[in-house]
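User: I'd like to learn how to read a few features in a structure like this one. Could you walk me through them?

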Amino acid sequence: MIVPKPVTHEPRPGSFILDDRTALAADPALSGTAAWLRAELAPVTGGELLPGPGSGTITLGLGDLPPEGYRLTVGPGRADIVAGGPAGAFYGAQTFRQLLPAAAFRRAAAAGPYAVPGAYVEDAPRFPWRGCLLDVARHFLPKHEVLRFIDLLALHKLNVLHLHLTDDQGWRIEIRRHPRLTEVGSWRRESQTGWNGPPDGRPHGGYYTQDDLREIVAYAARRNVMVVPEIDLPGHTQAAIAAYPELGNLGTPLEVRTTWGIGVNVLNVEESTIAFFQDVLEEVLELFPAPYVCVGGDECRKDQWRASPAARRRMAELGLRDEEELQSWFIRRFADWLGERGRRLVGWDEILEGGLAPGAVVASWRGEFGAVAAARRGHDVVNCSNTSLYLDYRQAPGEEEPVPFGTVLTLEDVYAFEPVPAELRGEPAAERVLGAQAGIWTELIDSGRGVDYMAFPRLAAFAETVWSPAGRDLADFRRRLAAHLPRLDALGVEYRRATGPLPWQTRPGVPGRPEDPERWQATLNAWTANLR
């Protein structure tokens, strides 16, 4: 009962006995996976796996397979994982863990022996980008919660954590050259309750030191998760402007934003502002070795640029026709700057407007039109469709959902998602789809427990859409999910039950909750139209 479903899974006779006499042998190139597996199985075996011969041996070896592919063979006395590389070995080890009883996932699990059923598994992912965005800007999550979330991504063979670090409501990354970004920008005076409700009157904030982020990145790398940072620009920047007013268009002080929605305060287009954010990105590149850096580029209101004499002069100097081309020029400056340093810019699908720099990756969130347009123009695409993958959207109708935001997005809806848009199927441009990414935006999620509830079990369904072969079977998934949920229980994941939220998971009486999906969608459409 493996989640996500492997390409091939066949039962084999006999079983492998895992106990305190079990040994582990690994190719030196797979020492990282071996160390991780020793630590994970220590509570089960009652101690570390033996380095030499034992009653049974787990072996980790290399073979002629894709880098993320593996073969797992389990039988009496042997559990052999052959992989194409370290990532494949890690995923094979994760599958081996899922053959154990759910109780073995507890940190205080009773020591074995455990009988691991005989099996043959051959597996590799369908897509290379299997991601989840975690928004720590709207509501800050402590470092230990981020590390725990990385473990849950890795359990489901997801390999990208898109870490949304900055927004109007908070700046969460230490930048040593510009300390006021965290001294001022990491705290807001209060937060809006619900989507349209009154303020709560409680200060909220926090940020990650550079050492924190190095630890997060290293922890993720040991689990074959790539951390992609997002530093929003030119919109979603009020926290930065509050810290350094000269970055804005008004010349007057602002506070870190305390409400949700699309703000009007955006960066100016002066060379000094571009240089400031190049300083920021220099430090970001030192912390995040991933080849991708997201700069947002979404929901940038143009009101202030239209009213700014300086912005009008810049457009005239550059021969630009409108503010859309001005934003395109702004984004291209950073795409070129990142390209010179061996990195690729990632941006939300608004970066298509006004023209896009070669090599940029488009994260298509407004349905799938951006994915189709970008792929046909020769750009790599990550499908992040809000209508299928935004896990901050409520999971069921009704008052019992905690702050029921947005349209209903059920487990079944997520499982039905197809990463390659229908319009692209059969076209060469379909090869431009790198994969897909779920989104956990946290305007209305203020804790790790809230993340658990909104993410799971839908994130397990999403994992199958990007890992498993096409042609999925919902009934089969439900059977495997029934066996998987006890693993999440053992790990302390407070997921949404099929029967609805538990009493503590409801928040009755929160004002401003949009209960009407049609009205909510009309509001979203109006926001999108107002971007121009």
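**Reading the model, feature by feature**

Analyst: Let's begin with one residue: Asp452 lies in helix 14. Keep in mind as we go that this is a predicted model.

User: Okay. Is Asp452 buried or exposed?

Analyst: Buried means under 20% relative accessible area. Asp452 has a relative accessible area of 2%, so it counts as buried.

User: And which residues does Asp452 touch, leaving out those up to four places away in sequence?

Analyst: With that exclusion, Asp452 touches Arg148, Leu152, Gly492, Val493, Glu494 and Tyr495.

User: Glu494 is on that list. Which residue forms a salt bridge with Glu494?

Analyst: The general idea is that side chains of opposite charge can pair when their charged atoms come close. Here the partner is Arg449, and the closest N and O atoms of the pair are 3.0 Å apart. Arg449 lies in helix 14 (residues 448-455), while Glu494 sits in the loop between helix 16 (474-490) and helix 17 (517-530), so the salt bridge ties together parts that are 45 residues apart in sequence. Arg449 is partly exposed, at a relative accessible area of 42%. Glu494 is partly exposed too, with 23%.

User: How many salt bridges are there by this rule?

Analyst: The count comes to 45 salt bridges. Some share partners: Lys5, Glu464, Asp476, Arg479 and Arg480 are joined into one network that way.

User: What about the salt bridge between Arg257 and Asp168: what is its N to O distance?

Analyst: For Arg257 and Asp168 the N to O distance is 3.6 Å. This pair links distant parts of the chain, 89 residues apart: Arg257 is in the loop between helix 6 (238-243) and helix 7, and Asp168 is in the loop between strand 9 (166-167) and strand 10 (170-171). Arg257 counts as buried because its relative accessibility is 14%. Asp168 counts as buried as well, at 1%.

Another salt bridge joins the side chains of Arg138 and Asp135, at 3.0 Å from N to O. Both of those residues are buried.

User: Let's move to Glu271. Where does Glu271 lie, and which residues does Glu271 touch?

Analyst: You'll find Glu271 in helix 7 (residues 271-287). Not counting residues up to four places away in sequence, Glu271 touches Arg314, Trp329 and Arg333. With Arg333 there is a side-chain to side-chain polar contact at 2.8 Å. Glu271 counts as partly exposed, since its relative accessibility is 37%. For a sense of distance, the C-alpha atoms of Glu271 and Asp211 are separated by 30 Å, and the two residues are 60 apart along the chain.

User: How do I read two helices that pack together?

Analyst: Two packed helices are described by the angle between their axes and the distance between the axes. Take helix 15 (residues 458-467) and helix 16: their axes come within 11 Å and cross at roughly 130°. That angle makes helix 15 oblique to helix 16. The crossing is right-handed.

User: Which residues of helix 15 and helix 16 meet?

Analyst: From helix 15 you have Ala460, Ala461 and Glu464, and these meet Phe477, Arg480, Leu481 and His484 in helix 16. Glu464 and Arg480 also came up earlier, as members of the salt-bridge network.

User: What should I look for in the backbone?

Analyst: Most residues other than glycine have a negative phi, and most peptide bonds are trans. Now the exceptions here. Val3 and Pro4 are joined by a cis peptide bond, with omega about -5°. Pro4 is in the segment before strand 1 (8-18). A cis peptide bond also joins Leu233 and Pro234, where omega is about -5°. Pro234 falls in the loop between strand 13 (226-233) and helix 6.

User: And which residues have a positive phi although they are not glycine?

Analyst: Asn224 is one of them, with phi about 60°. Asn224 is in the loop between helix 5 (210-222) and strand 13, and at 23% relative accessibility Asn224 counts as partly exposed. Glu299 is another case, with a positive phi of about 50°. Glu299 sits in the loop between strand 14 (292-296) and helix 8 (303-307). With a relative accessible area of 14%, Glu299 is buried.

Key. Residues are numbered from 1 along each chain as its sequence is written. This is a predicted model: local features need pLDDT of at least 70, side-chain atom pairs count only at pLDDT 80 or more; totals for chains, interfaces and linings use all residues. Side-chain values use heavy atoms; hydrogens and water are left out. Helices (H or I, at least four residues) and strands (E, at least two) are DSSP runs, numbered from the N terminus. Buried means under 20% relative accessible area, exposed over 50%, partly exposed in between (1.4 Å probe, protein chains only). Contact means heavy atoms within 4.5 Å. A polar contact is a pair of N or O atoms within 3.5 Å; within protein, one must be able to donate a hydrogen and the other to accept it, and residues adjacent in sequence count only if both atoms are side-chain atoms. A salt bridge is a side-chain nitrogen of Lys or Arg within 4 Å of a carboxyl oxygen of Asp or Glu. Axes are lines fitted to C-alpha atoms, for helices over the stretch in contact, and angles run from 0 to 180 degrees between N-to-C directions. Angles under 35 degrees count as roughly parallel, over 145 as roughly antiparallel, 65 to 115 as roughly perpendicular and the rest as oblique. A crossing is left-handed if the near helix is turned anticlockwise from the far one by less than a right angle, and right-handed if clockwise.
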